[in-house]
Amino acid sequence: MHNGLAQKRSHAIYPGSFDPPTSGHMDVIVRAATIFTTVTVAVVVNPQKRSPHFTLDEREEMLRRCTAAYPNVRVDHFRGLLADYVKAIEADVIVKGLRVVSDFENEMAFAHMNRSLSNVDTMFLMSDSAYSFVSSSLIKEVYLQGGDISKYVPDVVLEYMHQKRLAQGRI
Ligand code: PNS
């Protein structure tokens with residue numbers, strides 16, 4: 001049937017710090033990959049307000065390994081404004097996950113600003129409730145204090161967490 005919609009290709013950007021990627025991030029990526037023709041997972045070079053635990057290369061490597069089974073998912077990075085990057089790669093939509101109501105307030109302002117700057121809309125996927133409390137910062141804190149995070153990160157990420165801890169001399 002030629003209704004135009006069936007033939008539309010769509011390129012979504014899923015931006016974030018991914019320091020490190022969590023199972024919550026993976027859930028959003030996999031669901032987005034079933035909705036959009038292409039999903040670019042875009043790692044921000046310098047996360048706001050903090051120096052990252054993992055280097056940019058490590059964050060990209062982890063994401064590439066975690067998404068290797070999904071041929072329409074690519075991993076990239078960007079500096080500066082997301083809106084400029086979205087325009088530069090001619091993406092159709094920004095995708096974000098919403099875990100809890102308090103995420104919404106910030107995300108609403110980001111979505112309005114990004115649309116105003118780039119004319120690209122943001123679409124939200126509700127995070128799986130199993131991951132509603134999972135964040136990269138909480139994962140790092142629990143792991144570095146000896147807690148078990150294996151339910152909340154992909155195996156690849158757990159491996160990188162172990163390696164980083166060894167490299168930093170914390171056994
Ligand atoms: O995983 P995070 O840290 O929640 O991701 C935040 C991110 C990278 C999506 C956001 O900080 C961002 O878009 N940074 C790029 C700079 C920018 O465009 N700032 C204005 C946002 S309206």
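Ala, Val, Leu, Ile, Met, Phe, Trp, Tyr, Cys and Pro are counted here as nonpolar, Asp, Glu, Lys and Arg as charged, and the others, Gly among them, as polar. By this division, the shell around the ligand holds six nonpolar, five polar and two charged residues. The model is a predicted one.

The ligand is surrounded by 13 residues, of which the closest are Gly 16, Ser 17, Gly 80, Leu 81 and Leu 82. Two of these residues also appear in polar pairs with the ligand. In the side chain of Ser 17, an N or O atom is found 2.5 Å from an oxygen atom of the ligand. For Leu 82, the partner is a polar backbone atom, which is 2.8 Å from an oxygen atom of the ligand. The ligand taken alone exposes 550 Å², and 76% of that area is buried by the protein. Among the secondary structure elements, helix α4, made up of residues 101–118, gives the most to the shell, namely three residues.

The site of the ligand is the largest pocket. The space in the largest pocket amounts to about 1,300 Å³. Its lining consists of 40 residues, and those closest to the centre of the pocket are Gly 16, Ser 17, Lys 96, Glu 107 and Phe 110. Gly 16 and Ser 17 are thus named both among the residues closest to the ligand and among those closest to the pocket centre. At least two lining residues are supplied by each of β1 (11–16), α1 (23–35), α3 (82–88), β4 (93–98), α4 and α5 (136–144). Helix α4 provides the largest share of the lining, with seven residues. By class, the lining comprises 16 nonpolar, 15 polar and nine charged residues.

Two features of the backbone remain to be described. Most residues other than glycine have a negative phi, and most peptide bonds are trans. The peptide bond from Asp 19 to Pro 20, however, is cis, with omega near 5°. Pro 20 is located in the loop that lies between β1 and α1. Glu 90, although not a glycine, has a positive phi of about 55°. The loop between α3 and β4 contains Glu 90.

Terms used. Residues numbered from 1 in each chain as written. Predicted model: local features only at pLDDT ≥ 70, side-chain atom pairs only at ≥ 80, totals over all residues. Heavy atoms only, no water. Near = heavy atom within 4 Å. Polar contact = N/O pair within 3.5 Å; in protein donor to acceptor, adjacent residues only side chain to side chain. Areas by Shrake-Rupley, 256 points an atom, 1.4 Å probe, with all protein chains shown as cover. 1 Å grid on protein atoms, 1.4 Å probe; cavity = no way out; pocket = protein on both sides within 12 Å on 5 of 7 lines; lining within 4 Å. Sits in = over half its atoms within 2 Å of the grid points. Helix = DSSP H or I, 4+ residues; strand = E, 2+ residues; numbered from the N terminus. Points joined across faces, edges and corners; volume = space filled by probe spheres on them.
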